[in-house]
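Trainee: Here's the model I've been staring at. Pick out the charged cluster in one of the chains and take me through it closely, then show me how the surroundings and the chain contact fit around it.

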Amino acid sequence: MTDLDAKTGVGPIHGPWRVLLVDEDECIGCRACSNLWPEISAAVGLSDRGAKRTIRFPRFIEEFEARIAEALAEACPTGAISFGLADESPGEESFALTFEMARCRICGRPFATKKEMEYIQDRIPAPVQARGSAASWMNLCTGCRQDVGRKAAARGLIVARSWPRR
Amino acid sequence: MEIYVDLERCIFCRACEVACERVHGTSRISVEAVKDRASVPVACHHCEAAPCALVCPSGALTQEEAEVGFEAGKCTRCGLCVVACPFGAVDLDPASMVQKCDLCPEREVPPCVLTCPTEALIFGDRFEATEELRRRAASRIAQSYAASVGRDRA
């Protein structure tokens, strides 16, 4: 019996039932859990109120091997995933968390959740974030970051090559 | 060691992309033209204090002096490195693994550099690379000076 089994209780037929818990405040809407376990689905959807990412979690995890459950909790960068016990069987119940997406300043494409951006901003030194000053890279999508970098790198070369030839 | 680019020499042939794809299955270097007058390859810069390594929660991306290493086995594919890279040089296909230049540690020289027909890609530490770039810039100036003197005489 592993530690996790001891904590969450064994016995698939009668309760208590092992359930998945996600801390809504801690979860930043990254894709670590959904990439590890396909039953958790992450979708970026566009609604009237702007870009949203919705992650849907199943509540019931009894059929889970403890090993997978442990990996799931370990993969979560913010420790938002934990396991609890429920007296009632959760059955097919699922729950969803929805996240506001940040849009690229240039192309308008939603590219990361706002909470992902906060997580990243907390970990990158301010001078690195301010690189490019007014045209900060932080609120650009991957493709536009590449484009901005390319244009900046090629600026001098383009001027030289636009010079009329004699 | 890192891959540096001599933009004067890049001819937008994308041979580096093909070489990278041959080795890794997906290209981790991307070349695009700018205003039809220049082309710029973009790949991992192997930053000092690399933002991708700072945000990586699982320790798959690591800062090793002048290189940023990537260990696929530790990666959870959370995608935070993609959002943290200032250059847009990290890629995550939902169906696959994080794609980032690892400088091909198992090889002496990365295939993109070996393949580049104009030697626009330079593999070396920053001192070797700047020395080579300076030498090339000086030789270009000397050539254009010689050409202009020749033109005046004619």
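Mentor: Let's start with a pair of opposite charges: B:Asp6 and B:Arg136 are both buried. Keep in mind as we go that this is a predicted model. The two side chains form a salt bridge, with N and O 2.9 Å apart. B:Asp6 sits in the loop between β1 and α1 of chain B, while B:Arg136 belongs to helix α5 (residues 126-153), so the bridge ties together parts that are 130 residues apart in sequence. As for how far out of sight the arginine is, the relative accessible area of B:Arg136 is 4%, so it falls under the 20% limit for buried.

B:Arg136 has another partner, too. It makes a salt bridge with B:Glu132, again with the closest N and O atoms 2.9 Å apart. That one is local: both residues lie in helix α5 of chain B, 4 residues apart, or about one turn of the helix. B:Glu132 comes out at 22% relative accessibility, so it is labelled partly exposed; with the cut-off at 20%, I wouldn't lean hard on that label. Now zoom out a notch: B:Asp6, B:Glu8, B:Arg9, B:Glu132, B:Arg135, B:Arg136 and B:Arg140 are all linked in a network of salt bridges. Over all chains, the search turns up 14 salt bridges.

Another residue to look at in the loop between β1 (2-5) and α1 (15-24) of chain B is B:Phe12. Its phi is positive, about 60°, even though it isn't a glycine. At 33% relative accessibility, B:Phe12 is partly exposed. Chain B has a second backbone oddity in B:Arg77, also a non-glycine with a positive phi of about 60°. That residue is in the loop between β5 (67-70) and α3 of chain B, and its relative accessible area of 18% puts B:Arg77 in the buried class.

For comparison, take a salt bridge in chain A. A:Asp147 and A:Arg150 meet with a 3.9 Å N to O distance, and with the cut-off at 4 Å you may want to treat that bridge with some care. They are 3 residues apart in helix α6 of chain A, so about one helical turn separates them. The acid, A:Asp147, is partly exposed with a relative accessible area of 38%, whereas A:Arg150 counts as buried at 2%.

Helix α6 also takes us to the nonpolar packing. The largest nonpolar core has 26 residues, and B:Leu61, B:Cys81 and B:Val98 touch the most other members. α6 (142-162) of chain A and β3, α2, β5 and α3 of chain B each put in at least two residues. B:Leu61 is worth clicking on: beyond its close sequence neighbours (up to four places away), it touches B:Cys52, B:Ala53, B:Cys56, B:Val68, B:Gly69, B:Phe70, B:Cys81 and B:Lys100. A separate core of 21 residues includes A:Ile120, A:Leu140, B:Cys78 and B:Leu80.

Now the chain contact itself. Each side brings the following: 31 residues from chain B and 31 residues from chain A. Together they bury about 2,900 Å², with 63% of that on carbon and sulfur atoms. B:Arg37, B:Leu80 and B:Val83 account for 21% of the area chain B buries against chain A, more than any other three residues. Here's the bit that ties back to your question: the count of salt bridges between chain B and chain A is 0. What the interface does have is 11 residue pairs in polar contact, both residues at pLDDT 80 or more. On the chain B side, β2 (30-34), β3 (38-42), α2 (51-55) and α3 (80-84) each supply at least two of the touching residues. By class, that side has 21 nonpolar, 4 polar and 6 charged residues.

One last stop, back in chain A: A:Val44 lies in strand β2 (residues 41-47). A:Val44 is partly exposed at 48% relative accessibility. Apart from neighbours within four places in sequence, A:Val44 contacts A:Lys52, A:Arg53 and A:Met101.

Definitions and conventions:
Residues are numbered from 1 along each chain as its sequence is written. Chains are lettered from A and ligands numbered from 1 in the order in which they are written. This is a predicted model: local features need pLDDT of at least 70, side-chain atom pairs count only at pLDDT 80 or more; totals for chains, interfaces and linings use all residues. Side-chain values use heavy atoms; hydrogens and water are left out. Contact means heavy atoms within 4.5 Å. Buried area is the accessible area (1.4 Å probe) that two parts lose on being put together, summed over both. A polar contact is a pair of N or O atoms within 3.5 Å; within protein, one must be able to donate a hydrogen and the other to accept it, and residues adjacent in sequence count only if both atoms are side-chain atoms. Ala, Val, Leu, Ile, Met, Phe, Trp, Tyr, Cys and Pro count as nonpolar, Asp, Glu, Lys and Arg as charged, and the others, Gly among them, as polar. Buried means under 20% relative accessible area, exposed over 50%, partly exposed in between (1.4 Å probe, protein chains only). A nonpolar core is a set of buried Ala, Val, Leu, Ile, Met, Phe, Trp, Tyr and Cys residues joined through side-chain atoms within 4.5 Å.
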